[in-house]
Amino acid sequence: MAADPLDALRLTLMQDVLPVGLAVVERARKGGPREVFAAFEGNPSDSIDRLKQEGEPVARELRDSLDRVQPGLGNPVMKVEVRDVPFQSESPAAGAAVAEWAAPGQAEGGVDDALELQANLARISARLNELERRLA
């Protein structure tokens, strides 16, 4: 969740309040107050969940429209940590290093998957380097 209270409030408004509000407005537009009150018959928590599901498609469209105006305005921008992992050659030492990445108790197939992933990432990196060289 967002560390900043204002970001947390905006996130709650965009993900929880907006879909419910849009569903209530749509129900009021279609059937008037009776249709709105019909949504709250029964268990109140189920009513809110149902309204949230009803309003989510329209809320998603609205959030996407806001993102076209300014990225991150509608859908929150998530902070991620990116770090560079140096490529290791196809040597026994590389296999041992990849084995360390495997989760505890992971089968040997996980090492093969990790080696395949590493080879694919190296291929992608080589293609990106070639692209950068051609663009320069």
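Helix H3 buries Ser47, Leu51, Gly55, Glu56, Ala59, Arg63 and Asp67. Cover for these buried residues comes from helices including H1 (5-31) and H2 (33-39). The model is predicted. The protein chain holds five helices and zero strands.

**Helix H3**

- H3 takes in residues 44-69, which makes 26 residues.
- At 1.5 Å a residue, H3 should span 38 Å. The C-alpha atoms at its ends lie 35 Å apart, in agreement with that value.
- A bend of about 45° falls at Glu56. A proline, Pro57, follows within four residues.
- Glu56, the site of the bend, is also one of the buried residues of H3.
- An α-helix has 3.6 residues a turn, so residues three or four places apart point the same way.
- Charged residues are on the buried list too, among them Arg63 and Asp67.

**Ile48**

- Ile48 sits in H3.
- Ile48 counts as partly exposed because its relative accessibility is 38%, and partly exposed means between 20% and 50%.
- Leaving out residues up to four places away in sequence, Ile48 touches Val20 and Phe40.
- Ile48 and Val17 are 31 residues apart in sequence. Their C-alpha atoms are 9.7 Å apart in space.

**Helix H5 and its nonpolar patch**

- Leu117, Leu121, Ile124, Leu128, Leu131 and Leu135 make a nonpolar surface patch of about 600 Å².
- Leu131, one of the patch residues, lies in helix H5 (residues 108-135).
- Is Leu131 buried, partly exposed or exposed? Leu131 is partly exposed, with a relative accessible area of 45%.
- Leu131 can join a patch because its 45% relative accessible area passes the cut-off of over 30%.

**The chain as a whole**

- From the N terminus on, the elements run α-α-α-α-α.
- The protein chain has 136 residues, and 21% of them count as buried.
- Take the contacts with a separation of 6 or more: 51% of them join residues 24 or more positions apart.
- The accessible surface comes to about 10500 Å². Carbon and sulfur atoms account for 59% of that surface.

Note on methods: Residues numbered from 1 in each chain as written. Predicted model: local features only at pLDDT ≥ 70, side-chain atom pairs only at ≥ 80, totals over all residues. Heavy atoms only, no water. Patch = residues over 30% accessible without salt bridge, like charges linked within 9 Å, V, L, I, M, F, W, Y side chains within 5 Å. Areas by Shrake-Rupley, 256 points an atom, 1.4 Å probe, with all protein chains shown as cover. Salt bridge = Lys/Arg side-chain N within 4 Å of Asp/Glu carboxyl O. Helix = DSSP H or I, 4+ residues; strand = E, 2+ residues; numbered from the N terminus. Buried < 20%, exposed > 50% of the residue type's maximum accessible area, 1.4 Å probe, protein only. Expected span 1.5 Å × (residues − 1). Bend = angle between axes of the 7 residues up to and from the residue. Contact = heavy atoms within 4.5 Å.
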